[in-house]
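User: I've got a structure open and I'd like to go through it with you. Can you help me see how the labels follow from the values?

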Amino acid sequence: MKSKIKNSSILITGANGGIGIETVKILLEKGAKRIVLACRTQEKADRTKALLNSHYKLEAKGGFDMQNKEAIVLAVSELPKNEKFDIVFFQAGGMVVSNDYQFIENTNGNRIEKTIYQNVMGSYITLKALLQQDLIATGGRIVFAGGEGARGIEGMIAKPEYDSVDDLIGAVFNGKGKYKDIDALGISKFMSGLLIQELAERDLNHEYVWFSPGLTAGTNGLVNVPPIKRFMFEKVGFPMMKLFGMAQGPKEAAMKYVECLDGKYGKTGDLIGAPEGKTLGNLVDQKPMNAGLSNHAFRKAFLQIAEQVA
């Protein structure tokens with residue numbers, strides 16, 4: 001199979017995170033021509049570029065704050081117009097640590113649940129701005145970082161389930177039930193799974209894939225977790241899970257992401273992740289594990305909301 005990465009132009013959001021940095025290292029090894037390190041701030045982007053020490057192929061660009069539409073649109077508008085991206089990897093985001101739902105208000109005055117906004121809407125705003133600026137090549141591959149929480153993991157993450165379109169819309173605008181940060185993250189991955197499928201059906205000029213390499217320890221996803229809870233995750237929980245084959249490190253996850261970016265995993269519209277009931281393992285279709293992921297009415301309703309936000 002011909003490499004999609006060799007001599008390609010790539011944009012990656014959240015490039016300064018644990019998986020992001022490891023992904024960029026592998027992309028450089030595989031011959032990427034140009035990689036834009038799209039980070040929340042210019043300082044983080046510059047620091048990542050210096051760390052990776054490959055200045056002639058890397059472009060540091062701040063402003064990709066997944067909670068701030070105006071900053072994202074401005075950042076995209078400032079990208080060079082002379083070269084389109086062959087691959088776009090949306091992997092920025094993370095868990096919102098809180099005791100209750102948090103919200104971000106969009107320009108229409110609607111509040112969007114914060115975890116959904118920073119894990120899905122921010123990426124969609126970026127995608128739409130890139131398309132409006134004609135910065136993604138025809139046939140370009142667009143990958144959203146997924147997560148097994150979209151179909152639930154028994155005893156760990158509740159399966160996202162909705163009785164109706166109104167129930168789903170209510171969850172986006174108001175949350176649903178008692179707030180639990182890990183469940184909210186799973187819901188955001190469910191929503192991005194709906195979005196990817198709808199985009200794949202409507203936009204035949206690009207490939208859209210939702211991909212999770214499985215549970216990964218040692219990322220920046222816990223950066224906002226209180227110190228004691230974070231210590232327990234990082235020093236006790238994740239090492240035990242790695243010991244028992246339930247989690248992997250950022251390097252292993254990054255290699256799988258790169259294989260997905262290269263086309264090994266997933267054709268357009270696919271949702272790929274670990275086997276049912278597991279956090280890690282052979283990478284398989286996630287849709288049969290949660291019927292809601294294949295609900296066309298849910299897909300259309302969520303895209304309609306995303307359009308209003310973007």
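User: How do the residues lining the second largest pocket divide into nonpolar, polar and charged?

Analyst: Keep in mind that this is a predicted model. The lining of that pocket splits into seven nonpolar, no polar and six charged residues. The pocket itself has a volume of about 190 Å³. Its lining counts 13 residues, and those closest to the centre are A158, K159, K176, D183 and I187. Lys and Asp count as charged while Ala and Ile count as nonpolar, so K159, K176 and D183 fall in the charged group and A158 and I187 in the nonpolar one.

User: What makes strand 3 and strand 10 edge strands?

Analyst: Each of them, strand 3 (58-61) and strand 10 (284-285), pairs on one side only. They sit at the two ends of the order 3-2-1-4-7-8-9-10, in an open sheet of eight strands with mixed pairing.

User: How do you know that strand 4 and strand 7 pair?

Analyst: Pairing takes at least two bridges, and strand 4 (residues 85-90) is joined to strand 7 (residues 136-145) by five, so they qualify. The two run parallel. For one of the partners, look at F90, whose bridge partner in strand 7 is F144.

User: Which cavity is lined by both F90 and F144?

Analyst: That's the second largest cavity, with A92, N119, S123, A145 and K189 also in its lining. Helix 4 and strand 7 each supply at least two of the lining residues. By class there are four nonpolar, two polar and one charged.

User: Why does this space, at about 30 Å³, get called a cavity and not a pocket?

Analyst: A cavity is space where a 1.4 Å probe fits but cannot get out, whereas a pocket is open, so the label means that this space is closed to the probe. The count of cavities of 30 Å³ or more is two. The largest has a volume of about 50 Å³, and its lining includes Y101, E113, Y162 and K176. That lining has six nonpolar, one polar and two charged residues.

User: What makes helix 3 and helix 4 a contact?

Analyst: Contact means heavy atoms within 4.5 Å, so K69, I72, V73 and V76 in helix 3 qualify by meeting Y117, G122, I125, T126, A129 and L130 in helix 4. Those residues divide into seven nonpolar, two polar and one charged. The axes of helix 3 (residues 69-77) and helix 4 (residues 114-132) come within 9 Å and cross at roughly 35°, and the crossing is right-handed.

Technical notes: Residues numbered from 1 in each chain as written. Predicted model: local features only at pLDDT ≥ 70, side-chain atom pairs only at ≥ 80, totals over all residues. Heavy atoms only, no water. Helix = DSSP H or I, 4+ residues; strand = E, 2+ residues; numbered from the N terminus. Axes fitted to C-alpha atoms, helices over the stretch in contact; angles between N-to-C directions. Left-handed = near helix turned anticlockwise from the far one by under 90°. 1 Å grid on protein atoms, 1.4 Å probe; cavity = no way out; pocket = protein on both sides within 12 Å on 5 of 7 lines; lining within 4 Å. Points joined across faces, edges and corners; volume = space filled by probe spheres on them.
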